[in-house]
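Biologist: I would like to go through this structure with you slowly, one question at a time. Could you show it to me before we begin?

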Amino acid sequence: MAISTPRRELFIDGEWKAPLLNNRIPIINPSTELIIGDIPAATKEDVELAVDAARRALSRNKGKDWSTASGSLRATYLRAIAAKITEKKDELAKLEATDNGKPLDEAAADMDDVIGCFSYYAELAEGLDAKQKAHVSLPMENFKSYVIKEPIGVVALITPWNYPLLMAAWKVGAALAAGCTAVLKPSELASVTCLELAEICKEVGLPAGVLNVITGLGTEAGAPLASHPDVDKISFTGSSATGSKIMQAAALQVKPVSLELGGKSPIIVFDDVDIDKVAEWTMLGCFFTNGQICSATSRLIVHENIATKFLNRLVEWAKNIKVSDPLEDGCKLGAIVSEAQYQKVLKFISTAKSEGATILTGGSRPENLKKGYFVEPTIITDVSTSMQIWREEVFGPVLCAKTFSSEEEAIELANDTHYGLGSAVMSNDPERCERISKAVQAGIVWINCSQPTFIQAPWGGIKRSGFGRELGEWGLDNFLSVKQVTKYISDEQWGWYKCPSKM
């Protein structure tokens, strides 16, 4: 099925505007390797226009149009966006699958989550009104104190290519609910649905400049946005290397950042589990979204008592996964997002083999798919902790496995990483699961599952996986500044200094 992408420009100040240099970037369908459209390539000059539009929208009409408006007013727009996405769900899902390479069923589920995200933050926006001027208990009766939650200002939202519209919704929904104005810069590898979000904002009448969407390369558009002096906060999801550069740029201007970066998450499997039930969660934890998940539980740590049986069963499960064009019925694993990422994944696999690891299954292109950036679901064993495949994030459908003999050893293996985003423990012993959930160094712990994500629960990591939390009330707090207001209410002179004589 051929899908064409709508031709869009940059979305700045409520209007479509061609990039000043008129450069464009081709859109390549990763399943066919064919060019199916293009996106505008913004540069520093376009970023200036977008940030200026956001700055003016923040203060327009003394903020009454957006930043100081009631949360209820902002909620009406968020709900209208959710309603429009509902109308266009099927179209958006097909665009996402075609642009990104993920299976259509996954893209459709993403759209449901996008709708839920905007609806959820509409509720939190309304709830923000009731939380204003919250009383602060003080030890002195002659003072009263309360807090005001204010939007942090103009925010830069830089999002990845693995969940293009969903990651945008996580940030945009929360930022707009808080009363911020924003410049969204999606990855140049998958920008199509974010540009469609801009069209939806135009259709629902979102005030001009509240959300601006610019597309382009990280060096030409992302870097100028991250370092712009009129941006008050940066929220970034992507690689640890880029996150480090964004921190450096923000540090020069002492501005806050939230970073959701890479991961090399463990999944610990004990010998008391239902093998097929856990095998499915292990597959989902590493092969969902074609393995392109920052939280992918791609390091399998399995008890030696069941290792051979469990790995053999995993191979059977992996071979049963349908790898095909994302739009084909029954597809459960689509194409890697780009040729560069495809080659990177294959290089990881070949390096593992050269270092002495065993490719238990997969490791190459499926024989029946001659075109497209497809990689079979891959399981690698005989892995040492010094190997690249154990230590570095692959961002592809590659699972590596090691055995353990004791709970202490499992925890040590799980924590032997620079990352700390996700983790999973599989056991029928509830007390063991609780112990491990406390001992594992990660921002997220899944017990007897892997990868479930709920809008209401906090998302984020520690160590080189970043800091700050998205989703839930924590996501809203990301974009709020807390102001203390304290009032002296006594009629009496304070009396610290001696009062001069009155004439």
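Biologist: How far does helix 3 reach from its first C-alpha to its last?

Modeller: Please keep in mind that this is a predicted model. Helix 3 covers residues 89–100 and so has twelve residues, and at 1.5 Å a residue, counting one less than the number of residues, the expected span is 16 Å. The reach from its first C-alpha to its last is close to that expectation, at 16 Å.

Biologist: Which elements are included in what covers the buried residues of helix 3?

Modeller: The buried residues of helix 3 are Leu92, Ala93, Leu95, Glu96, Ala97, Thr98, Asp99 and Asn100. Their cover includes two strands and several helices, namely strand 3 (24–29), strand 4 (34–40), helix 2, helix 4, helix 5 and helix 6 (192–203).

Biologist: Is Ala93 buried or exposed, and which residues does Ala93 touch beyond those up to four places away in sequence?

Modeller: Ala93 lies in helix 3, and its relative accessibility is 3%. Because buried means under 20% relative accessible area, Ala93 counts as buried. Once residues up to four places away in sequence are set aside, Ala93 touches Leu104, Ala107, Ala108 and Met111.

Biologist: Which residue just after helix 3 takes a positive phi?

Modeller: Just after helix 3, a positive phi of about 95° is taken by a glycine, Gly101.

Biologist: Is helix 2 roughly parallel or antiparallel to helix 4?

Modeller: Helix 2 (residues 71–87) packs with helix 4 (residues 104–131) at an angle of about 170°, and their axes are 8 Å apart. Because an angle over 145 degrees counts as roughly antiparallel, the relation of helix 2 to helix 4 is roughly antiparallel.

Biologist: How many nonpolar residues does the contact of helix 2 with helix 4 have?

Modeller: On the side of helix 2 the contact is made by residues including Ala75, Leu78, Ile81 and Ile85, and on the side of helix 4 by residues including Val114, Ile115, Phe118 and Leu128. Sorted by class, this contact of helix 2 with helix 4 has four polar and five charged residues, while its nonpolar residues number 13.

Biologist: How many residues of helix 5 are buried?

Modeller: Helix 5 (residues 164–178) has 15 residues and reaches 22 Å from its first C-alpha to its last, which is close to the expected 21 Å. Helix 5 is mostly covered, and its buried residues number 15 of 15.

Biologist: Why are the buried residues of helix 9 said to lie on the same side?

Modeller: Helix 9 (residues 275–287) has 13 residues, and its end C-alpha atoms are 18 Å apart, in agreement with the span it should have. In helix 9, the buried residues are Ile275, Val278, Ala279, Thr282, Met283, Gly285, Cys286 and Phe287. They are on the same side of helix 9 because the arc they cover around the axis is only 165°.

Biologist: What is the relative accessibility of Thr297?

Modeller: Thr297 is found in the loop between helix 9 and strand 13. Leaving out residues up to four places away in sequence, Thr297 touches several others, among them Gly285, Cys286, Leu399 and Trp446. Thr297 counts as buried, since its relative accessibility is 0%.

Biologist: Where does Phe395 lie, and what is its phi?

Modeller: Most residues other than glycine have a negative phi. Phe395, which is buried with a relative accessible area of 15%, lies in the loop between helix 12 and strand 16 (398–404). Although Phe395 is a residue other than glycine, its phi is positive, near 60°.

Biologist: Which residues is Asp416 in contact with, leaving aside neighbours within four places in sequence?

Modeller: Asp416 has its place in the loop between helix 13 (407–415) and strand 17. With 29% relative accessibility, Asp416 counts as partly exposed. Apart from its neighbours within four places in sequence, Asp416 is in contact with Arg299, Thr385, Trp390 and Arg391.

Technical notes
Residues numbered from 1 in each chain as written. Predicted model: local features only at pLDDT ≥ 70, side-chain atom pairs only at ≥ 80, totals over all residues. Heavy atoms only, no water. Axes fitted to C-alpha atoms, helices over the stretch in contact; angles between N-to-C directions. Helix = DSSP H or I, 4+ residues; strand = E, 2+ residues; numbered from the N terminus. Parallel < 35°, antiparallel > 145°, perpendicular 65-115°, else oblique. Contact = heavy atoms within 4.5 Å. Nonpolar A, V, L, I, M, F, W, Y, C, P; charged D, E, K, R; others polar. Buried < 20%, exposed > 50% of the residue type's maximum accessible area, 1.4 Å probe, protein only. Arc of directions from axis to C-beta.
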